[in-house]
Amino acid sequence: MKVLHIITSLDQGGAEAVLCRLVAQKTEGVEYSVISLKGEGFYGATLEASGISPHYFEFARFFQLSSFFEFVRLVRLIARLAPDVVQTWLYHADLIGGLAARMAGCRRVVWGIRSCNLSPELISRFTLVVAWVCARLSGLVPAAIACCSQQAAKEHKALGYSAEKFHVIPNGYDLGLFSPGPALRHQVRTEWGIADDEVLLGCVARWDPYKDHDNLLHALSIAANAGTPVRCVLIGGGMAQGNTSLMDLLAKYNLVQSVVLAGSRKDVPAVMNALDVHILPSVSEAFPNVLAEAMACGTPCISTDVGDAALIVGDTGWVVARRDPQALSLAISDAVNSVKTEGFVERQLAARKRIVENFSLEKMRQAYVELWRSLSHG
């Protein structure tokens, strides 16, 4: 079975990471190929290193002439590759890749829904239009819709997506890669100048309105003013001194000396091992990868109640209302105070166990393959 993946871009993000995990390891009886509509991005080299040679396109703005020629080239490439199934990822790829696949003669198209909370304050008007158009076309273009979270499926059905086509497939994780590693913990903490016995909070998230760093920093400030020792590292794109908006927030909340800015890193398992508690302050998510990645490393999490975050965390961590820095600060204080208690080790073990039992990479891969095969045999 030949499966062609079409994704909007290969920039650093959750959907892109899941795609890489899905195709990196060989699946018996399945041949993968990948198309990125917007160049090589962050993960192009990762895919190439795993034996996949992606096809790169350079789609510009939707109505530019160059995008028309790219679309024609896309249709021709799909026809030449002759996939049994086309799996698209993210709204723009769902629309462009789905239509191109159908024009190339492939009827077995699976759209990929990866987002929750289609709010005008969080995403561009154009993306909202694309999602609306996809909803109108969902009865015609895709044979099925693969969605990463229960909440995302619910919201998109309400938007008008064809309800009977949804299949919820939670993200899965390489539990050999994401696992407890004391040596990694010491190595990264030494790099950051953090003592092994110092309680360290962290947030792995790029600078983006979705991630709501203002909420996190406000909560850290409240906790610090209440007497909680606060030490936190921020990891991700934009987490650097050159980000003047971030630096203004750190100054506003008097956290310049309490926060380490680590920038973008590829060694996420090492980073997660270095933390005692991971915090996700987002205003919107579907199935936040960072929670499961941290928990698989034995790092408990605090999260806002977004997407399927509560389903991932369960009773192993703390879940609070979004955009509520007071509630988040109380969870931070509780977490910091719990780190050096005997019960914290049990919490660490429970966090990893929850991911092992529910969100393994193999479970995700099997679910996708079963969906694709059900279509290819139909």
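**Exercise 1. Find the residue that follows helix α3 and state the sign of its phi.**

Solution. Ala-82 comes after α3, and its phi is positive, near 50 degrees. The model is predicted: local features need pLDDT of at least 70, side-chain atom pairs count only at pLDDT 80 or more, and totals for chains, interfaces and linings use all residues. Residues are numbered from 1 along each chain as its sequence is written, and side-chain values use heavy atoms, with hydrogens and water left out. Helices (H or I, at least four residues) and strands (E, at least two) are DSSP runs, numbered from the N terminus.

**Exercise 2. Check the span of α3 against its number of residues.**

Solution. Step 1: α3 covers residues 65-81, which is 17 residues. Step 2: the expected span is 1.5 Å times one less than the number of residues, so α3 should span 24 Å. Step 3: the end C-alpha atoms of α3 are 25 Å apart, which agrees.

**Exercise 3. Sort residues of α3 into buried and exposed, and say what covers the buried ones.**

Solution. Step 1: buried means under 20% relative accessible area, exposed over 50%, partly exposed in between (1.4 Å probe, protein chains only). Step 2: the buried residues of α3 are Ser-67, Glu-70, Phe-71, Leu-74, Val-75, Leu-77 and Ile-78. Step 3: down the axis of α3 these fall within an arc of 165 degrees, so they line one face of the helix; the arc is taken from the directions from the helix axis to the C-beta atoms. Step 4: Leu-65, Phe-69, Arg-76 and Arg-80 are exposed on the face turned away from the buried side. Step 5: the cover over the buried residues includes β1 (2-7), β2 (31-36), β3 (55-56) and α4 (91-103).

**Exercise 4. Describe the aromatic pair of Trp-111 and Tyr-161 and place both residues.**

Solution. Step 1: rings of Phe, Tyr and Trp (its six-membered ring) pair if their centres lie within 6.5 Å; planes under 30 degrees apart count as stacked, over 60 as edge-to-face and the rest as tilted. Step 2: the whole structure holds nine aromatic pairs. Step 3: Trp-111 and Tyr-161 are edge-to-face, 6.2 Å centre to centre with 70 degrees between the planes. Step 4: Trp-111 lies in strand β5 (residues 109-113) and Tyr-161 in the loop between α6 (150-159) and β7 (166-168), so the pair ties together parts 50 residues apart in sequence. Step 5: Trp-111 is buried, at 0% relative accessible area, and Tyr-161 is buried at 2%.

Key
Contact = heavy atoms within 4.5 Å.
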